[in-house]
Amino acid sequence: MKNRKLLIYLSCAVLFITGCAKDYRGGIDIDPSPPVVPVVPKPYTIVEGFETGTKGGYLIADVQLNTGLWSFDDALIGNLAADLKSGAKTVRLRAGELTMKFDISGVTQISFKHGKYGNDAPSAWQLLMSVDSGKTFTQLGNDFNETNTTLVSDSFKVETTKKVRFQFKKVGTATTRINIDDITFKGTGDAGIVVGVPDTQGPDTTASTNNSAPRGVTVGVDAPPTNGDNSDLLMGNPSQAQPAIVMMDNYLIDMGYYTESYNSTKAEPNWVSWHLDATNITNVSSRLNNFAAFNGLPAGWSAVQSGSYNYNTYGFDRGHNCPSADRTSSANANSATFLMTNMIPQAPQNNQQTWNNLEGYLREQVVAGNEVYIIMGSYGTGGSGLHGAFNTIISGDVKVNVPSNVWKIAVIVPAGDNDVSRIAANTRVIAVNTPNVNTINTDWKQYRVTVRDIEKATGYNLLSSLPQGIQDVVETKKDNL
């Protein structure tokens, strides 16, 4: 009887231990349910002081500034003694207009400084706002009759939930000049347009131990050109990303060896674009595995660290967008692919097998005498990795979105010149859209879709540099080779 009781106790103990074991791996408590991360709108203040721009004449031109792209029509950036300015530079507006060429969301107030230039006579001007991305503008308040000989401040309350852009416009044709400076946007939420990735040589085995220091990009002579044939964005800028701090969720970063739209809220790329030819895969450099945070993000943005993904807890690879094996022409090229701004949390099976197979196939096309233009991205929230389903990876003050889908578009053309003109209705375009899950099939061909399918899912305008007639053909057919 005593032995029988002992067996019962031992059986219960085994059941208890077994039941606990399924919730603990390596001593770490694994909660397979997605953590709930409350979204709390944050206030922001963004100032455009025109200190980073240069424009010396009145002819109409676009100028890239810290906040974004601005159109100067009969206007320039002045720095003379007669210019009223709070820093070294200011806008000098004559008989035209100063217009934002980007949208900003969440704005509750715009303020600015203004006054008349030098000894010019008084003149009238207006402030206008657009809620349809610049198609139409509506005046805010009444005309300003500019008589101020020193800079004065004015502000307007913005009462709309739509994305907006602003225009400062002179009234009439008189060439009397005014100065505009320190345009300030105040609001809440994410300022910007609300408009992969795999490790290709095995699993991410260093995800929880590699903690390289933040690193920038060193660009060598083997980097693609900034425009024209073989450039990263020859096929277009899918989301019209800009290197503007107000576009924090659609922020353009030129990494030299690839170009991307970075999403600060999601702490990952929206998309990454690059060109692949035989010069990129010469195997001068081995795979470096030097994962590191990117030190080039604007001040105040949280940078994802090399160990932020916490593989032991969440079970997602640091999945490359631009693959390591696509950039082996130098140590600089390969190192650039290991910046965390090139990564997404990717299910290991998706990364190491399905996506690895697709990447290898595209490199085979290059070896066969082709060149490939590639755009890679992800969207959605909620993926399933080694330790179950998660929506977000939390590491300190960094919250990384776990995407639900990973996609890629590859335009394959024979090696040559004048690439855009050589893309025709019969050009092979591969579009793939995979779920970010660990149960995915290893055959990437099972996930082929059309480019238009990906456009519908993301809202992007892909391959926008191609003539519309060519787009209408290549974007609507599914690859079947």
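**Figure 1. The glycine after helix α6, and the side of α6 that faces inward.** Let us start where the helix ends: Gly459 follows α6 and has a positive phi, near 85°. This is a predicted model, and each view here is drawn from that prediction. Within α6, which spans residues 451–458, the buried residues are Val451, Ile454, Glu455 and Thr458. They sit on the same side of the helix, because the arc they cover around the axis is only 105°. As a reminder, an α-helix has 3.6 residues a turn, so residues three or four places apart point the same way. The buried residues of α6 pack against four strands and a helix, namely β20 (370–379), β25 (405–414), β26 (428–435), β27 (448–449) and α7 (468–474).

**Figure 2. The open sheet that runs from β14 to β27.** Here you can follow seven strands in the order β14-β15-β16-β20-β25-β26-β27, with antiparallel pairing. The edges are β14 (251–254) and β27; each has a single partner strand, so one side of each is left without a neighbour in the sheet. For a closer look at one pairing, find strand β15 (residues 259–263), which is joined to β16 by five bridges and runs antiparallel to it. A handy landmark is Ser261, whose bridge partner in β16 is Trp271.

**Figure 3. Ala410 and its surroundings in β25.** Strand β25 holds Ala410. With a relative accessible area of 1%, Ala410 is buried. Which residues touch Ala410, once its neighbours within four places in sequence are left aside? The contacts are Leu362, Val372, Tyr373, Ile374, Arg428, Val429 and Ile430. Tyr373 makes a good example of how the fold brings residues together: 37 residues separate it from Ala410 in sequence, while the two C-alpha atoms are 5.6 Å apart in space.

**Figure 4. The largest cavity and the residues that line it.** The volume of the largest cavity is about 30 Å³. Its lining consists of Lys266, Glu268, Pro269, Asn270, Ser378, Tyr379, Gly380 and Asn401. Two elements, β16 (268–276) and β20, each give two or more residues to this lining. The most come from β16, which supplies three residues. Sorted by class, the lining has four polar, two nonpolar and two charged residues.

**Figure 5. Strand β12 and its partners.** Strand β12 (residues 178–188) is mostly covered, with nine of its eleven residues buried. How many bridges join strand β7 (residues 107–116) to β12? There are eight, and the two strands run antiparallel. Along that pairing, Ser111 stands opposite Thr184 in β12. Strand β3 (residues 43–48) is also antiparallel to β12 and is joined to it by six bridges. In this case Pro43 has Thr188 of β12 as its bridge partner. Strand β6 (residues 90–100) runs antiparallel to β12 as well, with three bridges between them. To find your way there, look for Val91 and its bridge partner in β12, Ile180.

**Figure 6. The β18 and β19 pair.** Strand β18 covers residues 317–320, and its side chains are worth tracing one by one. Asp317 and Gly319 point one way, Arg318 and His320 point the other way, and all are buried. Four bridges pair β18 with strand β19 (residues 343–346) in the antiparallel sense. Opposite Gly319 you will find Ile344 of β19.

**Figure 7. Two residues other than glycine with a positive phi.** The view of Asp74 shows a residue with phi near 55°, a positive value although the residue is not glycine. Asp74 belongs to strand β5 (residues 69–78). Is Asp74 buried or exposed? Its relative accessibility is 14%, so Asp74 counts as buried, the cut-off being under 20%. The view of Asn418 shows another positive phi, of about 55°, again in a residue that is not a glycine. Asn418 is placed in the loop between β25 and α5 (419–422). Asn418 counts as exposed because its relative accessibility is 53%, and exposed means over 50%.

Note on methods. Residues are numbered from 1 along each chain as its sequence is written. This is a predicted model: local features need pLDDT of at least 70, side-chain atom pairs count only at pLDDT 80 or more; totals for chains, interfaces and linings use all residues. Side-chain values use heavy atoms; hydrogens and water are left out. Buried means under 20% relative accessible area, exposed over 50%, partly exposed in between (1.4 Å probe, protein chains only). The arc is that of the directions from the helix axis to the C-beta atoms. Contact means heavy atoms within 4.5 Å. Two strands pair if DSSP finds at least two bridges between them. On a 1 Å grid over the protein atoms alone, a cavity is a set of points where a 1.4 Å probe fits but cannot get out, and a pocket is an open set with protein on both sides within 12 Å along at least five of seven lines; lining residues have an atom within 4 Å of a point. Grid points are joined across faces, edges and corners, and a volume is the space filled by probe spheres set on the points. Ala, Val, Leu, Ile, Met, Phe, Trp, Tyr, Cys and Pro count as nonpolar, Asp, Glu, Lys and Arg as charged, and the others, Gly among them, as polar.
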